[in-house]
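Biologist: Could you take one part of this model and walk me through it closely? I'd like the opening helix, set against the rest of the chain.

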Amino acid sequence: MKSFLKRWLINTLAVLVATYAIPGIRYESPLDLFGAALVLGILNAIVRPLLLFLSLPLLVFTLGLFMFVINAFLLLLVSRILGESHFHVTGFGAAFFGGLVISLVSLILNSLTRSGDSRISVKRGKTSPRDDDSGGPVIDV
């Protein structure tokens, strides 16, 4: 239950940032914002895997960039489910950039709080030279 609440709060903060960053996304009351984040989380859990499966050829062809279109579609769907008077997304452009902002903010907040599946890690340090007698360039993967 604690994990669910943490993810819901992160999702709500991400949607809040998107409403301030993107002019075409707005909400009427804080309750509508929490509701939009909840519906978006439910759609991400249920509808998104189906959309990913159905659009797998497009995802492979675009090297995963079609995921932004799926995120925009889900944000538009949230707007339609909640009704235009509670949570409003003006069009596909606002939904596209809103989905991008929500994804980035969620990624950053999930990394900072160590919740969710995504992580950002930066490692610093010197690499030790390898004892390789081949004399050619070494590529570490």
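Modeller: Here's a tour of that helix, with its surroundings filled in along the way.

Keep in mind that this is a predicted model. For orientation, the chain has 5 helices and 2 strands, and they come in the order α-β-α-α-α-β-α along the sequence. So the part you're asking about is α1, which covers residues 2–21.

Let's start with its geometry. Helix α1 has 20 residues, and at 1.5 Å a residue it should span 28 Å. The C-alpha atoms at its two ends sit 29 Å apart, so the model agrees with that expectation.

Next, what's tucked away? The buried residues of α1 are I10, N11, T12, A14, V15, A18 and T19. Look at the numbering with the helix repeat in mind: at 3.6 residues a turn, residues three or four places apart point the same way. The elements covering these buried residues include β1 (25–27) and β2 (87–89), along with the helices α2 (30–54) and α5 (92–113).

Now for a residue of α1 that isn't on that buried list. L5 lies in this helix, and its relative accessibility is 43%. Buried would need under 20% and exposed over 50%, so L5 counts as partly exposed.

L5 also belongs to a nonpolar surface patch of about 620 Å², together with M1, F4, L38, I42 and I46. Both α1 and α2 give two or more residues to this patch, with α2 supplying the largest share, 3 residues. That makes α2 a partner in two ways: it helps cover the buried residues of α1, and it contributes to the nonpolar patch.

Strand β1, another of the covering elements, spans 25–27, and R26 falls in that range. The side chains of R26 and E28 meet in a salt bridge, 2.7 Å from N to O. As background, side chains of opposite charge can pair when their charged atoms come close. R26 has a relative accessible area of 39%, so this residue is partly exposed too. The structure holds 1 salt bridge, and this pair is it.

Finally, zoom out to the whole chain. Of its 141 residues, 30% count as buried. Among contacts between residues at least 6 apart in sequence, 61% join residues at least 24 apart. The accessible surface comes to about 9,700 Å², with 68% of it belonging to carbon and sulfur atoms.

Key. Residues numbered from 1 in each chain as written. Predicted model: local features only at pLDDT ≥ 70, side-chain atom pairs only at ≥ 80, totals over all residues. Heavy atoms only, no water. Helix = DSSP H or I, 4+ residues; strand = E, 2+ residues; numbered from the N terminus. Expected span 1.5 Å × (residues − 1). Buried < 20%, exposed > 50% of the residue type's maximum accessible area, 1.4 Å probe, protein only. Contact = heavy atoms within 4.5 Å. Patch = residues over 30% accessible without salt bridge, like charges linked within 9 Å, V, L, I, M, F, W, Y side chains within 5 Å. Areas by Shrake-Rupley, 256 points an atom, 1.4 Å probe, with all protein chains shown as cover. Salt bridge = Lys/Arg side-chain N within 4 Å of Asp/Glu carboxyl O.
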